[in-house]
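Subject: Structure for your review

Dear colleague,

Please find below the structure that I am handing over to you, followed by an account of what was found in it. I would be grateful if you would read the two side by side.

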Amino acid sequence: MVVGLTCRVGRAVNGHVDMVRDLLNYKESILFLGRPGVGKTTVMREIARVLADEFQKRVVIVDTSNEIGGDGDIPHAAIGGARRMQVPEPSMQHRVMIEAVENHMPEVVIVDEIGTEAEAQACRSIAERGVMLIGTAHGERLANIIKNPVLSDLVGGVETVTLGDEEARARRTQKSILERKAPPTFPFLIEMRERHYWVTHRTERSVDMLLHGKKPLVEVRKRDNEFEVIIERWATYDGDGL
């Protein structure tokens, strides 16, 4: 017996990609963070179209809940020439991600809602094969991902390191400190604070500075009253406000 119904309407909105078009030219992986409803999936949809149609890339979307390409065998025209792989069960998302790379030779893999350790490991495996990743994850801030034991591998992971007496004195720190364990899976990380207000991190640099108790420098991307994209470089980041 049905006692309630949630109806979500996906929209294809052009123009969001202008906020990150310059980053797409680097051909490096990008992770988007943000609260539900801020527009992460809408951005995924347009990035898929732009990379496939304008950049002429082989793009594969791993569409777990059919939110990016819509339901049915034929995906929505909003994803352009990108290919869509549907996932039979949410728990199988990581397997479909690996299958996409092994069988379809993509240059770009797009994944919405990375949320388990298996999916984080699949992301690292894909990145190590030289494939560009565009993904979203649960969390509002970079600090949330660093502190999350399941997802911290996306930004390089964290481990405790014991310093010698001289090194600790030279650094003016305790002997046990936190360090980044490995290169981040996603070289760029974007916090979507609002639909038109994004904070962009160079992941490796920002994680190192946050673990050392310093405030990293970031880029703030926003739109003015005429909806032109403004990029403010090297703003000081404190995790909550700027």
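A residue is called buried under 20% relative accessible area and exposed over 50%, with partly exposed in between. E204 has a relative accessibility of 41%, so this residue counts as partly exposed. Please bear in mind throughout that the model is predicted.

Overall form

The protein chain holds seven helices and 11 strands. Its radius of gyration is 19 Å, close to the 18 Å that the globule rule gives for 242 residues, so the chain is as compact as a globular protein of that length. The C-alpha trace spans about 65 × 45 × 45 Å along its principal axes. Of the 242 residues, 45% are buried. Among contacts between residues at least 6 apart in sequence, 60% join residues at least 24 apart.

An unreviewed UniProt entry lists residues 26–183 as "domain: AAA+ ATPase". In the model, the C-alpha atoms at the two ends of residues 26–183 lie 17 Å apart, and this span is 33% helix and 23% strand.

Aromatic pairs

A search of the whole structure gives two aromatic pairs. One of them is formed by Y26 and F188, with 5.5 Å from centre to centre and 50° between the planes, and is tilted. This pair links distant parts of the chain, 162 residues apart: Y26 belongs to the loop between α1 (21–24) and β1 (30–33), and F188 to strand β8 (residues 188–194). F188 has a relative accessible area of 5% and is therefore buried.

F32 and W198 also form a pair, which is edge-to-face because the ring centres are 5.9 Å apart and the planes stand at 85°. With F32 in strand β1 and W198 in strand β9 (residues 197–202), the pair ties together parts that are 166 residues apart in sequence. Both F32 and W198 are buried.

The ring of F188 has a further partner in R202, whose charged end sits over that ring at 4.2 Å from its centre.

Salt bridges

How many salt bridges does the count come to? The count comes to 18 salt bridges, and three are described here one by one.

In the salt bridge between R35 and E194, the closest N and O atoms are 3.3 Å apart. R35 lies in the loop between β1 and α2 (40–54) and E194 in strand β8, so the bridge ties together parts that are 159 residues apart in sequence. R35 is partly exposed at 34% relative accessibility, and E194 is partly exposed with a relative accessible area of 43%.

R180 forms a salt bridge with E204, the residue introduced at the start, and here the closest N and O atoms are 3.5 Å apart. Since R180 lies in strand β7 (residues 176–180) and E204 in helix α7 (residues 203–211), this pair ties together parts that are 24 residues apart in sequence. Is R180 buried or exposed? R180 has a relative accessibility of 19%, so it counts as buried, whereas E204, at 41%, counts as partly exposed.

The salt bridge between E232 and K222 has its closest N and O atoms 3.0 Å apart. It links E232 in strand β11 (residues 229–236) with K222 in strand β10 (residues 217–223), 10 residues apart. E232 is partly exposed, with a relative accessible area of 34%, and K222 is partly exposed, with a relative accessible area of 24%. Salt bridges that share partners also join D18, R21, E46, R49 and E54 into one network.

A residue in helix α2

T42 is found in helix α2. Its relative accessible area is 15%, so T42 is buried. Which residues is T42 in contact with, leaving aside its neighbours within four places in sequence? They are R11, V13 and H16.

To recapitulate strand β8, F188 in this strand pairs with Y26, while E194 in the strand forms a salt bridge with R35.

With kind regards

Technical notes:
Residues are numbered from 1 along each chain as its sequence is written. This is a predicted model: local features need pLDDT of at least 70, side-chain atom pairs count only at pLDDT 80 or more; totals for chains, interfaces and linings use all residues. Side-chain values use heavy atoms; hydrogens and water are left out. Rings of Phe, Tyr and Trp (its six-membered ring) pair if their centres lie within 6.5 Å; planes under 30 degrees apart count as stacked, over 60 as edge-to-face and the rest as tilted. Helices (H or I, at least four residues) and strands (E, at least two) are DSSP runs, numbered from the N terminus. Buried means under 20% relative accessible area, exposed over 50%, partly exposed in between (1.4 Å probe, protein chains only). A charge sits over a ring if NZ of Lys or CZ of Arg is within 6 Å of the ring centre and within 35 degrees of the ring normal. UniProt positions are given in the numbering used here, feature names are shortened, and annotations may be inferred rather than shown by experiment. A salt bridge is a side-chain nitrogen of Lys or Arg within 4 Å of a carboxyl oxygen of Asp or Glu. Contact means heavy atoms within 4.5 Å. The radius of gyration is taken over C-alpha atoms; the globule rule is 2.2 Å times the number of residues to the power 0.38.
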